[in-house]
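Here are some short exercises to work through with the model open beside you. Try each task on your own before you read its solution.

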Amino acid sequence: MFSYRHAFHAGNHADVLKHTTLIAVLRHLTQKNTALQVFDTHAGAGLYRLDGDYAQTSGEAADGYLRLVQQPNMPPALASQALPAIHHVANKRPDSTPPAPALQDYLELVASFNRSSGSGGSSGSGGHLVYPGSPFIIDHLLQGRDRDRLKLYELHPTDAKTLRANIAQLDAGRQITVLQEDGFDGLKKFLPPPSRRALVLCDPSYELKTDYARVVAMMTDALQRFATGTYMVWYPIIPRPEAHDLPRKLKTLALRAGRPWLNATLTVKSSKLGHDDEGEVVRPGLPASGVLVINPPHTLKALLTAALSQIAQALAQGKHQAFEVTSGGH
Ligand code: SAM
């Protein structure tokens, strides 16, 4: 069975990129009243504790979400959410420019999960620092839209159980289904959706090398069934041929289907191996990642460009920070 657990990675730089993009896309799609079907093919556990063992062990959130809320220009209400002893947080932003709208939206949404009362799905977090995964972010943005449907796929037995328990906390009657099934295979039977409006988030762990080919196969099939859906695929940027080829293959699929695409990438550190004080080789961890969106909202490029410019600067580890937002097929 898989060993990947998203709890180690929740709130890291990849989540910042992915969730900022997800929120901006969903804000746009929920402007229309027509029913929307949302699929999260790799959902994870739904909610994470950033002061829990997993997150503390990896320390990844400290270089992601937690570092962002410590920036000098954060509104005080957001900064005060950052809890205890968050170590090695460096302020990289010298100026006090306010957060770009998509970044502000992301920070406020995450912060809402940490208010003792309010609109967050996990209100009453009891002073613990909670980070919402994609299922709770999506649910948050679909609130009040009773005709929308959310399908969550999670294959790992422990995470699927936790996800079910977390989702059970939400209002009864919300139209959310948790499926302990393969998300790559599960999607096809629901496309096209009756309302002809859908968002698919495909966020595998890529623990298995075959995930890269499975993303392409799933997207090939999905675009044949429903070319006008909005599709969001997250991918790691690592020195591995499959990872390198994936965004190029997805752009080709979009262009063949005659659909526009947008690709956003965020790099926070060098991919080169380093050495510790004893001369041992140290792997850098994930240095960069990307999100490729097919049929992106027309507002997304400008929103992400402004947000990622600030995020890249704030999350830089060394001199290697970069971001890029490119698009095609319009
Ligand atoms: N989307 C989540 C978020 O943003 O909060 C994070 C998901 S995590 C990167 C990937 C998840 O996919 C893991 O929890 C893993 O157990 C699960 N998984 C792996 N292979 C899967 C498959 N074929 N179908 C469904 N879930 C799978």
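**Exercise 1. Sort the lining of the largest pocket by residue class, then trace where the lining comes from.**

Solution. Start with the classes: in this predicted model, the lining of the largest pocket holds 17 nonpolar, 18 polar and 14 charged residues. Next, look at the secondary structure. At least two lining residues come from each of α1, α8, α9 (210–225) and β7 (230–236). Among the contributors, α1 has the largest share, with five residues. Then add the size: the volume of this pocket is about 1,000 Å³. Its lining counts 49 residues, and Y4, H9, P204, S205 and Y206 are the closest to the pocket centre.

**Exercise 2. Place the ligand and describe the shell around it.**

Solution. First, find the site: the ligand sits in the largest pocket. Now list the neighbours. The ligand has 22 residues around it, of which H19, H42, S134, E154 and D203 come nearest. By class, the shell splits into five nonpolar, 10 polar and seven charged residues. Finally, check the helices: α1 (13–29) and α8 (183–186) each give the shell at least two residues.

**Exercise 3. Which protein atoms lie 2.8 Å, 2.9 Å and 3.3 Å from a nitrogen atom of the ligand?**

Solution. Begin with S134, where an N or O atom of the side chain is 2.8 Å from a ligand nitrogen. Move on to G183: here a backbone N or O atom lies 2.9 Å from a nitrogen of the ligand. End with D182, whose side chain has an N or O atom 3.3 Å from a ligand nitrogen. With a cut-off of 3.5 Å for a polar contact, the S134 pair at 2.8 Å, the G183 pair at 2.9 Å and the D182 pair at 3.3 Å can be kept. As a last step, turn to the surface: the ligand taken alone exposes 610 Å², and the protein buries 98% of that.

**Exercise 4. Find the backbone features at P192 and Y206, and say in which loops they fall.**

Solution. Recall the background: most residues other than glycine have a negative phi, and most peptide bonds are trans. Against that, the peptide bond joining L191 and P192 is cis, with omega about -5°. P192 belongs to the loop between α8 and β6 (198–202). Y206, a residue other than glycine, has a positive phi, near 55°. Y206 is in the loop between β6 and α9.

Methods:
Residues numbered from 1 in each chain as written. Predicted model: local features only at pLDDT ≥ 70, side-chain atom pairs only at ≥ 80, totals over all residues. Heavy atoms only, no water. Near = heavy atom within 4 Å. Polar contact = N/O pair within 3.5 Å; in protein donor to acceptor, adjacent residues only side chain to side chain. Areas by Shrake-Rupley, 256 points an atom, 1.4 Å probe, with all protein chains shown as cover. 1 Å grid on protein atoms, 1.4 Å probe; cavity = no way out; pocket = protein on both sides within 12 Å on 5 of 7 lines; lining within 4 Å. Sits in = over half its atoms within 2 Å of the grid points. Helix = DSSP H or I, 4+ residues; strand = E, 2+ residues; numbered from the N terminus. Nonpolar A, V, L, I, M, F, W, Y, C, P; charged D, E, K, R; others polar. Points joined across faces, edges and corners; volume = space filled by probe spheres on them.
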